[in-house]
2 protein chains.
Amino acid sequence: MDFSTKLKQHLARVEPALDALVPARTDAPAGPARIYDASRYSLQAGGKRIRPVLLLAAHELCASSDTATTAADPLPAAVALECVHTYSLVHDDLPCMDDDDLRRGRPTLHKQFDEATALLAGDALLTEAFALLARHYGDRPALAVKLLRVLADTASGDHLIGGQMQDLLGERKADATAAELEFIHLNKTAAMIEAALVMGGLTGDADEATLATLRAAGRHLGLAFQIVDDVLDATADAATLGKTPGKDAASGKTTYVSLHGLDTARGLAAEQTAKAGAALDALPGDTTFLRELFAAMLSRGN
Amino acid sequence: MDFSTKLKQHLARVEPALDALVPARTDAPAGPARIYDASRYSLQAGGKRIRPVLLLAAHELCASSDTATTAADPLPAAVALECVHTYSLVHDDLPCMDDDDLRRGRPTLHKQFDEATALLAGDALLTEAFALLARHYGDRPALAVKLLRVLADTASGDHLIGGQMQDLLGERKADATAAELEFIHLNKTAAMIEAALVMGGLTGDADEATLATLRAAGRHLGLAFQIVDDVLDATADAATLGKTPGKDAASGKTTYVSLHGLDTARGLAAEQTAKAGAALDALPGDTTFLRELFAAMLSRGN
């Protein structure tokens, strides 16, 4: 199966799962109904679904190995991860944070609803992620706890939230160092990409060595992903990007582009992508799709 | 042991556990260090610790029964619950929500730090709650999953967040009905009180019937607790209350006091407290401390 067909196949599983596992609550009282309505507005805004697709691809690679005897359904984990990603976007877009009006080509959640609803819907999406894991893997409690630990650790003050805080602190000074920038990107962005591959490995019954390999690949891939984000912010237009471009330069923010220039940044992204691919060499099984996905993430236009 | 000594004994376990299980990260990079600093500012602001104490008391009752053979340490669950409670206060105090400057007699988190830090610290506290359960009960995965399900369900868009959303919607109309008000209180407040008793039951190895009894008691107790909150908002001063009083009346918000008057509201709180106590009649073991705690919650001044 070629890359594009396989990608479509994964996406065709993700979208209905998002709809089914975080359903509308039109019959609920007004408060919950509005929370789920707002959560679904952002969750179903048609993002690239890179994290769920990475999770499904890592799952498939591991579950097809000879030693995987008890693979589990990867879809609830994929939805949980996308819930955390979406919550982080909703909160990041709020006026007290990045103050963005546009996301995925549509008004951000607080523009479409209001700030209080966006705050609460973000809280609900984060909570729902953990609820999904506890609920759907409840009959495999040891697996559930492993998934929950990975996701909670990834989303914690040490990683996702700590990286975002560091990013905000960095915006107040234009002279962040390369090491500080790498810390932000490793924790704000790469940690979630790592989590995608590791959680797919877990549902695919991967052994410890495979999980460590997936984590290493995810770290390189995540760095590459964020460098490409910096490049796109400096080069793409709003229609292509689906969000406001040029914000980094306008705010004087330190990025890979401001630190190293466009060409070097592009080179660093390619280098990290190559390292992610090289990490996969240690794995048995057919890694073709994952490698092609890594390449597509490097050459993406939004 | 008399009530006051026993209460002090529980509190003497809770406070160091909060400090130890959500530690300072002064050696961490600036972002995470600030997140944990802010989280601890709110977590250690000396609240009444009603939820952790209820959890410990329910645990003790159940763990001392003849059938409890595998009780677990209740402290991580107690800390996790207090993290969720504290996160909900931090987010509720934000300008786009209740816009409060004072909490537990000190500046609210966004006044002491800033809005972005308060938003992120709230997110981190919510995440940490789930991380604590997954980490500390990882060697008892079936128990961990049960605790995680209760906490995630309680904090979800159907309960804690949905109740808060309904509360905000209700503030836009001064004619909320008694049924709408009860929905808000059951989900915004009582759900967390219920969770305290149920999670204490779970760590105390309670059977299903006992868990159901604790849940029923928690529901009545939680309603009473919120009615007392409404009464105190209408009658207490800021110094006693530790937060701004009179906000409900000033905002024209529907409360038990505005709906029923002070005396009837006080009567309803006493009635719900009596029902909570009556529910405990079904349980074996010494329920004296829990009953006295229920009574103290009814007669509290803040």
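Trainee: Which residues does P29(A) touch, not counting residues up to four places away in sequence?

Mentor: Let's start with the ground rules. This is a predicted model, in which local features need pLDDT of at least 70, side-chain atom pairs count only at pLDDT 80 or more, and totals for chains, interfaces and linings use all residues. Residues are numbered from 1 along each chain as its sequence is written, while chains are lettered from A and ligands numbered from 1 in the order in which they are written. Two residues are in contact if their C-beta atoms, placed from the backbone, lie within 7 Å. By that rule P29(A) touches Q166(B) and F183(B).

Trainee: Where does P29(A) lie?

Mentor: Helices here are DSSP runs (H or I, at least four residues), numbered from the N terminus. P29(A) sits in the loop between α1 (3-21) and α2 of chain A.

Trainee: Is P29(A) buried or partly exposed?

Mentor: A residue is buried if 20 or more other C-beta atoms lie within 10 Å of its own, exposed if 12 or fewer, and partly exposed in between. P29(A) has 19 C-beta neighbours inside 10 Å, so P29(A) counts as partly exposed.

Trainee: How many residues does each chain bring to the contact?

Mentor: Chain A brings 48 residues and chain B brings 48 residues. On the side of chain A that touches chain B, α2 (30-43), α6 (115-136), α7 (141-154) and α8 (160-171) each supply at least two residues. α6(A) gives the most, with 14 residues.

Trainee: How are the two chains related?

Mentor: Two copies of a chain are related by a rotation about an axis and a shift along it. Here a rotation of 180° with 0.0 Å of shift along its axis superposes chain A on chain B, with RMSD 0.0 Å; the fit is by least squares on the C-alpha atoms of residues with pLDDT of at least 70 in both. That is the relation of a two-fold axis. Of the residues of chain A, P141(A) comes closest to the rotation axis, at 2.6 Å (C-alpha).

Trainee: And within chain B, at what angle do α6(B) and α7(B) cross?

Mentor: Two packed helices are described by the angle between their axes and the distance between the axes. The axes of α6(B) (residues 115-136) and α7(B) (residues 141-154) come within 9 Å and cross at roughly 165°. Axes are lines fitted to C-alpha atoms over the stretch in contact, with angles from 0 to 180 degrees between N-to-C directions. That makes the pair roughly antiparallel (over 145 degrees). A129(B), F130(B), L133(B) and A134(B) in α6(B) meet A144(B), L147(B), L148(B) and L151(B) in α7(B).

How values were computed:
Parallel < 35°, antiparallel > 145°, perpendicular 65-115°, else oblique.
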